[in-house]
Amino acid sequence: MSISCVYNVDIIVYLVKTSLQFFKQSLKTLQSLNKALSRKVKGSGNWYRACRALARQHRKVARQREDWQWKLATELCTEFDTLCFETLNLESMKHLWGRTVSDHAFYQFLKILEQKCAKHSKKLVQIGQWTATTKPCSDCGYDNKELSLSDRQWICHECGSHHDRDVNAAINIKQAGLAA
Ligand SMILES: [Zn+2]
């Protein structure tokens with residue numbers, strides 16, 4: 001008996017966005033700390049103090065994000081026996097979100113999830129980046145080559161099924177994951 005939880009790029013983008021919220025929330029604090037630092041004489045006692053305050057704030061954001069990721073991983077591992085992930089095209093994500101954020105938030109989450117899955121003897125399956133998951137119809141396998149990024153909903157020309165882009169991709173990832 002195996003229930004699957006599925007992730008595709010869109011859901012991961014949501015994940016990164018959500019973890020960005022922690023950064024945004026304290027952005028004003030970070031900005032004022034940065035400003036304070038720039039007003040100090042480099043190397044002075046006040047300068048070092050401002051440096052430490054800024055580093056402290058950055059650590060706080062990182063910890064909030066990690067804490068949230070642990071909670072999410074725990075939830076997923078409790079609810080599902082098999083977790084299927086699509087290996088992401090990180091290049092395009094870096095382009096969208098900037099290197100640090102995408103690397104940090106996503107790799108960190110996968111690591112946490114790996115640990116959690118190992119601890120609770122759950123399965124974590126990764127689908128290769130080159131496996132088509134978005135364009136094939138999850139009902140009949142018809143390859144919808146005309147599907148573009150802006151199409152959130154589409155109807156299969158072959159079997160007439162109505163698809164939500166994310167749900168269709170998720171079903172394809174699940175099928176590929178269970179076949180692996
Ligand atoms: Zn179809």
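Trainee: Which residues touch the most other members in the largest nonpolar core?

Mentor: Happy to start there; this is a predicted model, where local features need pLDDT of at least 70, side-chain atom pairs count only at pLDDT 80 or more, and totals for chains, interfaces and linings use all residues. Residues are numbered from 1 along each chain as its sequence is written. A nonpolar core is a set of buried Ala, Val, Leu, Ile, Met, Phe, Trp, Tyr and Cys residues joined through C-beta atoms within 7 Å. The core has 13 residues, and those touching the most other members are L83, C84, L113, C117, A170 and I173.

Trainee: Which elements each supply at least two residues of this core?

Mentor: Helices (H or I, at least four residues) and strands (E, at least two) are DSSP runs, numbered from the N terminus. By that naming, the contributors are α3 (45-79), β2 (82-86), α5 (99-119) and α6 (165-179).

Trainee: Is L113 buried or exposed?

Mentor: Look in helix α5, where L113 sits. A residue is buried if 20 or more other C-beta atoms lie within 10 Å of its own, exposed if 12 or fewer, and partly exposed in between, with C-beta atoms placed from the backbone. L113 has 22 such neighbours within 10 Å, so L113 is buried.

Trainee: Which residues does L113 touch, not counting those up to four places away in sequence?

Mentor: Contact means that two C-beta atoms, placed from the backbone, lie within 7 Å. L76 is 37 residues from L113 in sequence, with 8.6 Å between their C-alpha atoms. L76 is among the residues touched, and the full list is A73, L76, L83 and L124.
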